[in-house]
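Hi,

Here is the structure I promised to send over. Have a look at it first, and then read on for my notes.

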Amino acid sequence: MSVDPSKYIPFLEFCNQIPISYSRARKWLKNGVISDKDYIIVSHKCYIKIDSIPKIRERSGYQEVDLTGYISKPEAIKIFQKIRPDTDHSTVSYWIKTKRLKKVVKWGKRTYLEKKEVVAFSKEITYIGDPRYITGVEIVKEYPFSDKGLKSLCDPFFPGAKVLTGGGSRILIPRDEWENFISTHDIVKCGKSWIRPKHTLTVFELTKRLKRTRKVVKKLLENNEFPNMIVYKKYGTFIPIQDVEAYEKRQERPVYSKDMAIQEFSKDINAYPCRHLRETVRLYLDFGRRKIIACKSSNPERIKDLAENSLTKTFSVLILQSQTEIYELSNEELQTILYTGNAPMRSNQFFVQFLRYCYAIKDIKPEKDLYFVQNKPKSDDGKEIYSPEIYHDFYLHVQDIQNHLPRAIKSAYYANMWLYTIMHLSDVWRASDIVNHLPSLELDDLGIGDFAWFEKNRLTIRQCQILVHQVYLKTKSKVTGKTGALLSFFVPPDLLECMATSMVLSELHRRLSKNKNNSHILLSTFKEGRTISTVPKKFHLRFFEERPHLKVFRSLVMNRSTMTYLFYGITEENNKDSDLALELIQHVRSHTDQNTSAIYVKATNKDGSINRVSYNLCRRGHFGWLYNYMIMAAAQSADVRQTLEDRTQSIELLRKDLSLQQTERWAEFFNTVRHRRKTIMQMLYRLSREDLIKIIIQVYSGKMPSKSEYGQCLAHPKCSYPRRSSCFGCEWFIPQYFILTEANNEIQRLIKSIKECQYGALIDRDTGYILHLLDIIEQAIEYFGEEYVLQFVNLPTLETKLEEIAHLIALEQI
């Protein structure tokens, strides 16, 4: 059966014509909207009667929609794709959902959009690909912005930016606006933000640069000290560097030179109304100018104090009391001014000096010279030093690292006092120089970041040397505040570890210090503002709690003690003359004049009397120095320390046994031995055991005589110097029992060498040498007896030391 297409249309065509969805049309079949008379079934296909369509619409209540000026969604997508190729159904649906496209009609299963609105909206998305704009994607790829962060920049910085939605947000920024932004801003991490104006500082950076607290800097900002300050609501406050430099320049004070001091001094003196003292004023101005020029200090504060305080106060308090020219006053009138003026001691001294200057200029010879005597004498007469016992206790106390370490970690005062004391024991700097010039330390290379490092570690010798070398490099160009001479930095070997440890602890405390004004000073607890306290405070003296008798610490007395003991240590023990010792003291103290150094070195002996020193020198006789040098040369290998009296007694005994000529010959011998002392032992090493024993017996029995009665000759009977009348100075000549002393010294050296050696071959070699030397001692015991040999060799001590290296050598062979 065929269907007449003029009367019937297929069911799907009916759905499109209404238009309704297929499922909805099927419902109409079920619920009777489409009656049995309205359709036919042919070959299992449904056909709707054309004449019934108006009736079906009427029954369903479905109204006609005017779609004039509208286009379907697929048609709209095609328009958008011409501008933005990636546009699809989901993109358009998102625009409809977000009301970017508002004129939308849904009719049946289809969506229709107004064509005018589609065309207008398509113009907005034409910015993508436009060279006048840069996309957010491009920016995010090159700079560390997130999409959200970049979007937040649009309002304050990019007024022409476009934020498009659909398929994800699209940010379009006018290229000229972006380039202008980049040229004026740095894209760097800045707090929580990634932007900052070029050539600016943050508030935090400003506090570090000005070395001020955050509270002070905030006050400066409020007072409009930085007029070009930039404030971003979301990103912080930024201060142009140009404004900072201008502020620093306003705060800068020119370096206070002597020329400035003279100008200020002259200005202050001329400000006083004193027409009756015109000549005195003229002379005082000249006097003051000379004083300022002659000032040795390079410290601007000292120069300023001299010009604007001491000299000015002398004039105002003392000179202005005079009713006539100062040089015309009588001695009684001058005494009245001097003792009733209540002026500082320094002003009184300047007054006397000025008076003498006036007399010299005016060629006046006073009846009586004027002096000023203090009513209250100083407690320190310039001669006090610590006794050797007290000084030695100071020296031992600072080396007790194990005891000081935990306390120095807890207290900056304790750590600073530890280092302060060590500096007095080693470098004798003035207290102000110690505080001002000890530099901060770099600890990164040592791996020390905080106090916790010391819980499981201690400084090695290598680390100590690095720290000390760092301080040396930083201080070698520093000058003392008093004389302007270069500072010298020394560290005695036995103070190396304790000094380095106290320096590290002081540095760690410095980094944690809340005193920002002195944050660059290693010993910051000794300085308050501009004032340096050379006298330790209560908290500093806790360093001496375990040794209360050391709380007498005073900077000047300690420095004087160190210089005195150093001077006498050099002249007495190390065989140096006093001129050289004094020169070293001058260098250590940074004095410009050796006579100044001599004042600090107190002539003292154990009873504190210089008369005792003179008495001992007289007992030694005219050539006592010669016997003294010979004793020092002979005892150089022995660890023997003699007092001044003991040394004098030794010289007296030696003078009875030896004539002056014999003493000179023995001195020649000891001098030669010092350069050739290894020769004897090296020859003995090469001998066989039998030959060695034979020579030793011959030496001890006196069968190898020399030309001198006091010794034997190892080269006998072949003399190396046949034309000489004596054997003094010959390397083969030895005193009768000198070989025992040399053998003992050589064994001690070899034991030390074996302990430190890492190579088996060298240990075997030194073991053979020890066996040879022990043969010498053994033969001496057999020939002379053990009691006699003990006078030259400490046998029990030697045995103990050999046992210490038993695990390194074959002890049973010995």
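How many salt bridges does the structure hold? The count comes to 16. Keep in mind that this is a predicted model. A few of the pairs are worth going through one by one.

Let's start with Asp38 and Arg59, whose side chains meet in a salt bridge at 2.3 Å, N to O. This pair links distant parts of the chain: Asp38 sits in the loop between α2 (22–31) and β2 (39–42), while Arg59 belongs to helix α3 (residues 53–60), and the two are 21 residues apart. As for their surroundings, Asp38 has a relative accessible area of 4%, so it counts as buried, the cut-off being under 20%. Arg59, in contrast, is partly exposed at 41% relative accessibility.

Next, helix α17. Its residue Lys362 meets Glu279 in a salt bridge between side chains (2.9 Å, N to O). Here too distant parts of the chain are linked, with Lys362 in α17 (residues 345–362) and Glu279 in helix α14 (residues 278–294), 83 residues apart. Lys362 is partly exposed, with a relative accessible area of 30%, whereas Glu279 is buried at 18%. There's a third partner as well: Glu279, Arg282 and Lys362 are linked in a network of salt bridges.

Helix α17 also carries Arg346, whose side chain forms a salt bridge with that of Asp305 (3.6 Å, N to O). Because Asp305 lies in helix α15 (residues 300–318) and Arg346 in α17, this pair ties together parts that are 41 residues apart in sequence. Arg346 is partly exposed with a relative accessible area of 38%, and Asp305 is partly exposed at 32%.

Now for a sheet. Three strands make up an open sheet in the order β12-β14-β13, and the pairing is antiparallel. At the edges are β12 (200–202) and β13 (230–232), each pairing on one side only. On average, neighbouring strands here are turned by 30 degrees against each other, direction ignored. Between β13 and β14 (residues 236–240) there are three bridges, and Val231 has Thr237 of β14 as its bridge partner.

Two helices pack on this sheet. Helix α10 (residues 203–210) touches β12 and β14, and its direction makes about 95 degrees with that of β12. Helix α12 (residues 241–251) also touches β12 and β14, with its direction at about 60 degrees to that of β14.

That's it from me for now.

Cheers

Technical notes:
Residues numbered from 1 in each chain as written. Predicted model: local features only at pLDDT ≥ 70, side-chain atom pairs only at ≥ 80, totals over all residues. Heavy atoms only, no water. Pairing = 2+ DSSP bridges. Helix = DSSP H or I, 4+ residues; strand = E, 2+ residues; numbered from the N terminus. Axes fitted to C-alpha atoms, helices over the stretch in contact; angles between N-to-C directions. Contact = heavy atoms within 4.5 Å. Salt bridge = Lys/Arg side-chain N within 4 Å of Asp/Glu carboxyl O. Buried < 20%, exposed > 50% of the residue type's maximum accessible area, 1.4 Å probe, protein only.
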